[in-house]
Structure formats: C-alpha cells, structure tokens
Amino acid sequence: MSAPHTDVEQVEAANTAFYEALERGDFEEVSSLWLTPADLGVDETYHDPADSGVISCVHPGWPVLTGRGEVLRSYALIMANTDYIQFFLTDVHVSVTGDTALVTCTENILSGGPAPEEGAELGPLVGQLVVATNVFRRTPSGWKLWSHHASPVLAETDEDDEDNHVNGVNPDDEPLA
C-alpha cells in the first residue's frame, strides 16, 4: 500500500488507525490520536486547555465527555473491561473542508468480556451496530480526533412488528389478514 497523498486518504488512515488501536487495546496509541492543546500551538502552562480545541466523546448510552482527561479515562475503562473487540466499518464517508474533516460510519462491533468460568478463554461474544461521527482536525503532526460521537442502531424485530398492530389493525389502518 502506498502512502496516502490526499487529505481524504490521510483522514481515512487516521480513522482506521483509531479503530485498530482500540482493537489492540493500545491505550498509548489511542491517546496519541486525540487532539492536544499543543497540537493547536497552545502553551498549556499559560492557557487553560479547555479554552482551545477541547475534545469530546459520546459513547453509546453515555453522557457527553469533554476534555482529554475524561475522554481518555473512558477509553482506559473500556479497554480494561473488554477482553476482545473488533470493528467492521461500513458506510464510511469522509469530507474535508480546510483543516477540519468529518467521518461518518457504521461500526459493526463484535466484543467479548471476561470469561464467566475459570479456564474459559473469553466470555460470550456480543454483536452491536453503532453509527459514529468522528471529527478530525489537521495538526502539524497529522490529522487528530477532535470529537467522537457514537449512537446505537435499534434493530427491528418480529416482536416490534406485532407491537405496531393494535386491535387487529396495522399502522396504515388496513385490516390484518
């Protein structure tokens, strides 16, 4: 594979690096991929890092997390409590405007926690479908994550279809056969 040459290719590579670091449980790599005040030329000894380029993250079902401390703590917790995770990204769309890039994608996640019994390698695997928006900012050292927002996708089931029918009538007011 050749080195990425366009902004879109560089952002795609940064996005892929983020998910690969999560899969490996590489906290140092995950940390390095997030924007820092220094990436924006801000001297943290003289400026409050919250005043410029504050990062944010929303994991599915979590409140918004802001600032490097909160965001990176959340990833440390996730990694400490997840023995296995794999992301299959689909519907990846990248757009770049100036020094800002937006990536939307579907995270098809397969994960497993600690083994429920002694001697077992891994707990049961669980699949989850999540849509994500990743915002990147160009820095002198490459594209860095500025914000990550992930929301679960609610899948319809046969039970959902049955719940939509009230008194033998479907939502379109047509009698059921």
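Me: Which element supplies the largest share of the lining of the largest pocket?

Reply: That is α1, with five residues. A word on the source before we go on: this is a predicted model. Besides α1 (7-24), the elements α3 (68-80), β3 (84-97), β4 (100-112), β5 and β6 (142-152) each give at least two residues to the lining.

Me: How many residues line the largest pocket, and which lie nearest its centre?

Reply: The lining has 24 residues, and His59, Ile78, Ile85, Phe87 and Ile109 are the ones nearest the centre. The space in this pocket comes to about 440 Å³.

Me: How do you know that empty space is there at all?

Reply: A probe the size of a water molecule is rolled over the atoms, and it shows where space is left empty.

Me: What makes up the lining of the largest pocket, by class?

Reply: It has 14 nonpolar, six polar and four charged residues. Ile and Phe belong to the nonpolar class, while His falls among the polar residues. Therefore Ile78, Ile85, Phe87 and Ile109 count as nonpolar and His59 as polar.

Me: Let's step back to the fold. What pattern does the protein chain follow along the sequence?

Reply: It reads α-α-β-β-α-β-β-β-β-α, with four helices and six strands. Of its 177 residues, 30% count as buried.

Me: Now the salt bridges. How many does the structure hold, and what makes Asp26 and Arg24 one of them?

Reply: There are four. The side chains of Asp26 and Arg24 meet at 3.8 Å, N to O. The cut-off is 4 Å between a side-chain nitrogen of Lys or Arg and a carboxyl oxygen of Asp or Glu, so this pair qualifies. Asp26 is partly exposed at 27% relative accessible area, whereas Arg24 is exposed at 52%.

Me: Why can side chains of opposite charge pair?

Reply: They can do so when their charged atoms come close.

Me: What does the pair of Lys144 and Asp39 tie together?

Reply: Their side chains form a salt bridge at 3.3 Å, N to O. Lys144 sits in strand β6 and Asp39 in the loop between α2 (27-32) and β1 (56-58), so the pair ties together parts that are 105 residues apart in sequence.

Me: Why is Lys144 called buried?

Reply: Lys144 has a relative accessible area of 11%. Buried means under 20%, so Lys144 meets the criterion. Its partner Asp39, at 14%, also counts as buried.

Me: How do you know that Asp99 and Arg138 meet in a salt bridge?

Reply: The N to O distance between their side chains is 2.7 Å. That falls within the 4 Å limit, so the pair counts. This pair links distant parts of the chain, with Asp99 in the loop between β3 and β4 and Arg138 in strand β5, 39 residues apart. Asp99, at 42% relative accessible area, is partly exposed, and so is Arg138, at 29%. Asp7 joins Asp99 and Arg138 in a network of salt bridges.

Me: On to the surface. Why is Val131 called partly exposed?

Reply: Val131 has 38% relative accessibility. Partly exposed runs between the 20% and 50% limits, so Val131 belongs there. Val131 lies in strand β5 (residues 125-139).

Me: Which residues make the nonpolar surface patch?

Reply: Leu129, Val131 and Val153 make it, and the patch covers about 190 Å². Patch residues need over 30% relative accessible area, so the 38% of Val131 passes that cut-off.

Me: What makes the phi of Asp91 worth a second look?

Reply: Asp91 has a positive phi of about 50° although it is not a glycine. Most residues other than glycine have a negative phi. Asp91 lies in strand β3 and is exposed, at 52% relative accessibility.

Me: Why does Leu154 count as exposed?

Reply: The value for Leu154 is 77% relative accessibility, and exposed means over 50%, so the label follows. Leu154 is found in the loop between β6 and α4 (158-163). Its C-alpha atom is 9.5 Å from that of Gln128, 26 residues apart along the chain.

Me: And where does Asn81 lie?

Reply: Asn81 lies in the loop between α3 and β3. At 53% relative accessible area, Asn81 is exposed. Asn81 and Gly112 are 31 residues apart in sequence, and 9.2 Å separates their C-alpha atoms.

How values were computed:
Residues numbered from 1 in each chain as written. Predicted model: local features only at pLDDT ≥ 70, side-chain atom pairs only at ≥ 80, totals over all residues. Heavy atoms only, no water. Patch = residues over 30% accessible without salt bridge, like charges linked within 9 Å, V, L, I, M, F, W, Y side chains within 5 Å. Areas by Shrake-Rupley, 256 points an atom, 1.4 Å probe, with all protein chains shown as cover. Buried < 20%, exposed > 50% of the residue type's maximum accessible area, 1.4 Å probe, protein only. 1 Å grid on protein atoms, 1.4 Å probe; cavity = no way out; pocket = protein on both sides within 12 Å on 5 of 7 lines; lining within 4 Å. Points joined across faces, edges and corners; volume = space filled by probe spheres on them.
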